[in-house]
2 protein chains.
Amino acid sequence: MDVTGRPRAAIVVTGSELLTGTISDANGPWLARQLSDLGFEVAHLFVVGDRPADLTAALEYVSGCALVVTSGGLGPTADDLTAELVARFAGAEMVLDEPMRAWIAERVTAWARRNKVGEEVFAALDVGTRKQAMVPVGAVALPPVGTAPGLVVRRPGGPLVVVLPGPPRELQGMWPSVLDAAPVKELLAGVPAAAARSLRFVGLPEPRIAETLRELGADHDLNAVEVTTCLRRAELEVDVRPRPGAEHVAQALAEAIVARHTRELVSADGTSTDELLARALLDRGWWVATAESCTGGMLASRLVDRAGSSAYVAGGTVAYSNAAKVSQLDVPAELIEAHGAVSPEVARAMADGARARFGADVAVGITGVAGPDGGTEAKPVGYVCFCLTTGDGLVVARDPVLPGGRADIRERATDVAVHLLLRAARGS
Amino acid sequence: MDVTGRPRAAIVVTGSELLTGTISDANGPWLARQLSDLGFEVAHLFVVGDRPADLTAALEYVSGCALVVTSGGLGPTADDLTAELVARFAGAEMVLDEPMRAWIAERVTAWARRNKVGEEVFAALDVGTRKQAMVPVGAVALPPVGTAPGLVVRRPGGPLVVVLPGPPRELQGMWPSVLDAAPVKELLAGVPAAAARSLRFVGLPEPRIAETLRELGADHDLNAVEVTTCLRRAELEVDVRPRPGAEHVAQALAEAIVARHTRELVSADGTSTDELLARALLDRGWWVATAESCTGGMLASRLVDRAGSSAYVAGGTVAYSNAAKVSQLDVPAELIEAHGAVSPEVARAMADGARARFGADVAVGITGVAGPDGGTEAKPVGYVCFCLTTGDGLVVARDPVLPGGRADIRERATDVAVHLLLRAARGS
């Protein structure tokens, strides 16, 4: 238990490739969200290499936590040592789980046949299969999603350790079995509900929230909650987590924050912006089209991220060149000539063009200077023109200068466009 | 020094929002890459919350390393404690750096005026400015990119600690000053060059590389190198890092691996696939267009990610609905009727349509079942049809079933399309 009054959990991610910057760890943040939502205080997130001493030291370091979740190091090769090291940490012997071995062998053989792997590889595969089927005595083995079983092991007098595979699809796929394992259920029974409130705002500078919190401190017990703020592109997320027993303080504080910033509020219940936009478009029965220059398809791709988007995404055009703006979006060449490709006028013509061509109810045009070159004094890098138009005559234009590098500018521009669409679809 | 024979470095990232899964840490992987490339062995990557005891414990834990880099916790508010805790760790007092205070105050005041912040906030801003200008005695203060200075502090008899701000843009922007700071230069003088080889393959299963390494172990001293393999969507990255003095072993091993898998080789010098594609398109003088259904603009957006892409990206169409495929890409309605929207025939017509409409030299059409719904026995979720066509008659078609969930399928499909383009542009 710590400042939050919640049992502490630790995440230990293994993989040398995560320490050379070859790849970013996706499991840590995902697990952190799950554990927080379950009511744990996530105290540590460690990434360690595939070196036995480092993993063992990390396990000892976090051994004061109630729960430790590891990811990675369950592969068939000799350098994947997590199961063995966790067994040693828990003081348990490893034994071969014969049904598990047979089950894995069947899948590996099928894979090898499909991939026409040569006979000489089969012996190596068999060694790997036996290794993956070794389970610490007393552990709960979780059914593999790939070929590696997960494990739930308790160190006597110490933490419960949940051992999961590294591939995010396997790790996430195994999570329901984790929650269903008897020792995990038993642990969870003693964890107070999280009851966190997650508020999301747009166009609200972080110091304004800090000021609001200072003022609300007079009427609310800020020591009974943990408030974290996080700026993500155009959005500010404010999470209010109660100490156990202080749920009413968190609720009241969240409501007070919302009441002070209604105009900038996007969501008061943690629903994602993209989900809200999807609902709003479906409610309106609107089809949406996109006309993108500097974002280059990022807005369309974000709209299509969501399953079921075929019910409201008509399509989009990436008109990166002037010629494409003219030929594919019917932007008059004279308009580009007169105002430049990056101009509110062209953004509007792009939106109108996409709306007409895709038969959509609403469209957004985006044209800007993403950099690093191409900026001028009048239209610097980061200057982006947006225009949203609808079939019933609504026209909303913006032309901010967005901060950051090329990637920041494009992502933030996509965010701005999503919020323009959300506001229009909500009719607010 | 450890298994790699290299001085060890640790990265300590702070931020409670990184432990609730609200946001993913971008600084850890970026710093890991920089430190690895400088020749360090990155031994630990820790994410800790904004709690003094946790950060202090993490610093003590990694105090055996030669270098520790922290990110975050340098903000103006009272819960940002990194500078103070690092000073305590190094046994140094904090003193006000008056020129730094004046410099920050100027920027904060300008920001406040621009944002029309009320007078009542100014006092709070002043407190924050004074806090950000506190510097440990004996430390090198690095000029702020935002409003927080970075710090380089040595713990007597312990590691050199580099303290950097949390926003990735500020952290990355400050990196040149880090490398230029005298104590860092001094440390780097004793670090052996990394000389790692980074190989990238496509269509090569991981066990095949494992098998290759086993075989090459007969002629190469595998104990003199560290080999990490990492599967990223369709690509397999193999990094070969030498122990100091074993550079020739790493070079020879890398060449031997390449010689065994020339057909699947994408890059032997670490150049990114996207960079190779850009160069190949520029070499060919090709303009590229995209016609996307299930990827929904992700391919176009990836092509536009690179600065200078306006020299070879003509544009693209996101034709998510059948109507859009017909009206915006000239796919014959009968073709959709006869073969279905997800079919090799439609993929080819989409490519031809985009190429003609955008006046491009090469185009890729992508249509598939991204799921989670819409799969059939003949065309399951993950079934994606690709077709690349060029003006001089080249036609390359693929229709694999890609693994994973909706996001995996779309990302992997984008990867497949990029590799189709790369192979065609290279003429290989």
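This tour moves from one chain to the contact between the two chains, and then to the sheet that they share.

**Chain A as a whole.** The model is predicted. Begin by selecting chain A, whose secondary structure comes to 15 helices and 17 strands. Along the principal axes, the C-alpha atoms of chain A fill a box of roughly 75 × 70 × 40 Å. Of its 428 residues, 50% count as buried. Among contacts in chain A between residues at least 6 apart in sequence, 68% join residues at least 24 apart.

**Both chains together.** Next, display chain B beside chain A. A rotation of 180°, with 0.0 Å of shift along its axis, superposes chain A on chain B at an RMSD of 0.0 Å. The two copies are therefore related as by a two-fold rotation axis. The same surface serves both copies, since 99% of the contact residues of chain A recur in chain B.

**The contact between the chains.** Now select the residues at which the chains meet: 70 residues of chain A are in contact with 71 residues of chain B. On the side of chain A that touches chain B, strand β2 (residues 41-48) of chain A gives the most, with seven residues. The residues on that side divide into 32 nonpolar, 25 polar and 13 charged.

Keep β2(A) selected and add strand β2 (residues 41-48) of chain B; the two strands pair in the antiparallel sense over five bridges. To see one of the pairs, pick Leu45(A), whose bridge partner in β2(B) is Val47(B).

**The shared sheet.** Turn next to an open sheet of 10 strands with mixed pairing. Its order is β17(A)-β16(A)-β15(A)-β13(A)-β14(A)-β14(B)-β13(B)-β15(B)-β16(B)-β17(B). The edge strands are β17 (395-398) of chain A and β17 (395-398) of chain B, each of which pairs on one side only. From one strand to the next, the twist averages 10°.

Within this sheet, select β13 (residues 288-292) and β14 (residues 313-318) of chain B, which pair in the parallel sense over five bridges. Here Ala289(B) has Gly315(B) as its bridge partner in β14(B).

**The helices across the sheet.** Finally, select helix α12 (residues 322-329) in each chain. Helix α12 of chain A lies across β13 (288-292) and β14 (313-318) of chain A together with β14 of chain B, running at about 30° to β14(B). Helix α12 of chain B lies across β14 of chain A together with β13 and β14 of chain B, and runs at about 30° to β14(A).

Note on methods: Residues are numbered from 1 along each chain as its sequence is written. Chains are lettered from A and ligands numbered from 1 in the order in which they are written. This is a predicted model: local features need pLDDT of at least 70, side-chain atom pairs count only at pLDDT 80 or more; totals for chains, interfaces and linings use all residues. Two strands pair if DSSP finds at least two bridges between them. Helices (H or I, at least four residues) and strands (E, at least two) are DSSP runs, numbered from the N terminus. Axes are lines fitted to C-alpha atoms, for helices over the stretch in contact, and angles run from 0 to 180 degrees between N-to-C directions. Two residues are in contact if their C-beta atoms, placed from the backbone, lie within 7 Å. Ala, Val, Leu, Ile, Met, Phe, Trp, Tyr, Cys and Pro count as nonpolar, Asp, Glu, Lys and Arg as charged, and the others, Gly among them, as polar. Copies are superposed by least squares on the C-alpha atoms of residues with pLDDT of at least 70 in both. A residue is buried if 20 or more other C-beta atoms lie within 10 Å of its own, exposed if 12 or fewer, and partly exposed in between; C-beta atoms are placed from the backbone.
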